[in-house]
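Look at the structure below before reading on. The notes that follow deal with one strand and its neighbours, then with a pair of helices.

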Amino acid sequence: MKKHNKLFTIGVMAFLSIVTCACSSNIISSSSISDSVEQSVSTQEPSNVASTQDSTSVSSSQNSTNVPSIQDSSNGSSKESTSIEPTPVPKDTKVMVYYTNSKRWSNVYAYVWNYKTDTPKVGWPGTKLSSIGMSGYGEQQYSVEVDYAQYDRIIFNDGRGNQTKDLVVGSATSGYYGEDGIFTMNANDTDYGKVEYFTLEDKKNLQYISSNRKKISVYTPNGYTTSKKYGVLYMFDSQNLYAAASGAQKSSDSYGSWAVDVSVNNLVQRGGDGIIIVAIDNTDGHRDSELTMSQSFGKLTSLADNSSFYNGKLDELGNFMRETLMPFIQSKYSVNTSRKNTGIAGSSSGGLAAYYLGLRDNDLYGYIGAFSPANGLFETSAWTRFYQSKDFSLGRPKIYVYCGKGDSLENMLLPATKQITNLRSYGFSADSIIENYVNNGTHSENYWRIAFGDFLSKMLG
């Protein structure tokens with residue numbers, strides 16, 4: 001399921017999103033990583049549109065479970081690291097939330113409240129704010145301190161009917177620009193981490209692709225070091241995720257990116273280590289099929305209006321992730337491989353894929369982010385059979401589920417999204433399923449990037 005306003009435009013929008021990247025990628029052959037790796041990464045200045053070319057070459061072996069350490073070409077030191085756990089984000093739950101008044105309202109108020117209880121700190125329009133200075137574009141800037149343990153939502157407004165979206169407050173949020181842009185306020189910190197691109201070949205699991213290859217991106221946070229081990233979040237739709245990291249390619253979506261690098265950097269600024277994000281590109285034309293289960297899973301509903309949904313390859317993609325992608329990441333980067341430090345997330349069909357694979361491979365993933373998931377492509381009975389077939393004693397991932405109510409597509413997806421709570425009948429505790437439903441939320445990055453900050457705050461903060 002593509003990410004725009006009407007389900008009936010899915011096939012067209014999927015085609016429009018197939019933008020061929022101008023930069024070259026590394027081709028990593030087969031589902032195994034060998035002892036011999038030569039790496040050369042070109043140096044890039046931080047840019048929203050720059051790309052990283054890495055001429056890594058890897059020869060194949062037959063055993064994908066024996067993954068050697070990788071030599072870092074910058075200093076020759078081994079990539080093997082000690083068993084240092086990631087530094088947790090400090091438990092102080094007070095954060096300074098910044099707002100840049102790009103709308104040039106004459107007054108700015110901050111209405112702060114608790115999402116679960118709908119309890120406001122101060123009645124509407126909230127607390128009137130005083131300017132703390134000017135941006136480089138002559139826009140007034142404001143700040144307000146919020147304890148997100150008590151209040152986790154904020155709306156900036158002018159007291160006269162103009163206002164922002166419902167914005168998130170948490171450990172992975174720092175500030176907002178205009179109606180929905182997010183940013184990190186600390187002007188001295190211009191390093192949002194780095195993105196590298198690779199192409200992995202898997203002849204066993206990627207047979208539905210003529211080249212047997214998938215392009216991936218790997219984001220490492222500011223301050224990344226091999227002396228620490230980092231949690232990893234696996235995501236879909238790689239080309240729509242990054243905003244400011246060095247080497248990141250510009251988003252191909254008209255709604256902009258998720259700005260995941262900005263949210264992770266907010267965690268780093270609060271004293272945490274951040275996480276590595278590994279994402280799978282969708283621009284090869286296989287998105288609808290590879291992010292959907294096969295019909296053996298169950299009967300498709302009328303939402304599956306495109307024939308590409310009838311040849312689902314999600315199990316094959318999940319096997320690629322387990323057998324090829326994860327071993328590659330664990331060999332090349334300093335990764336904490338425990339379940340609780342491994343997550344999977346996506347939106348729309350990517351949300352469906354993250355939810356299904358997170359439960360299918362519950363021995364791998366400790367948390368799931370299902371943003372506007374296309375679970376409604378399959379009948380409820382199919383999900384019930386799936387739940388009944390699973391051995392959840394291997395692990396019950398923590399689940400964050402988001403869906404809006406602001407356009408026709410979100411409203412079509414909402415009923416099946418809410419049925420995720422049926423997992424409580426299978427031993428999932430009430431607090432292990434975090435729900436976030438936004439009245440005016442649309443099926444776009446405009447809302448997913450805001451919800452992503454909430455997701456990280458709840459899972460990692």
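**Strand S16 and a helix pair**

Both faces of strand S16 are covered, with Ile 276, Val 278 and Ile 280 buried on one side and Ile 277 and Ala 279 buried on the other; buried means under 20% relative accessible area (1.4 Å probe, protein chains only). This is a predicted model, in which local features need pLDDT of at least 70, side-chain atom pairs count only at pLDDT 80 or more, and totals for chains, interfaces and linings use all residues. Residues are numbered from 1 along each chain as its sequence is written, and side-chain values use heavy atoms, leaving out hydrogens and water.

**Strand S16**

- Five of the five residues of S16 (residues 276-280) are buried, so the strand is largely enclosed by the rest of the structure.
- In a regular strand the side chains alternate between the two faces of the sheet.

**Neighbours of S16**

- Strand S14 (residues 213-220) runs antiparallel to S16 and is joined to it by four bridges; Tyr 219 stands opposite Ile 277.
- Strand S15 (residues 232-236) pairs with S16 in the parallel sense over five bridges, and Tyr 234 has Val 278 as its bridge partner.
- Two strands pair if DSSP finds at least two bridges between them.

**Helices H5 and H6**

- Helix H5 (residues 349-360) packs against helix H6 (residues 380-389) at an angle of about 25°, with the axes 10 Å apart.
- That makes H5 roughly parallel to H6, a term for angles under 35 degrees.
- On H5 the contact (heavy atoms within 4.5 Å) involves Leu 352, Tyr 355, Tyr 356, Leu 359 and Arg 360, and on H6 Trp 383, Phe 386 and Tyr 387.

How values were computed. Axes are lines fitted to C-alpha atoms, for helices over the stretch in contact, and angles run from 0 to 180 degrees between N-to-C directions. Helices (H or I, at least four residues) and strands (E, at least two) are DSSP runs, numbered from the N terminus. Angles under 35 degrees count as roughly parallel, over 145 as roughly antiparallel, 65 to 115 as roughly perpendicular and the rest as oblique. Buried means under 20% relative accessible area, exposed over 50%, partly exposed in between (1.4 Å probe, protein chains only).
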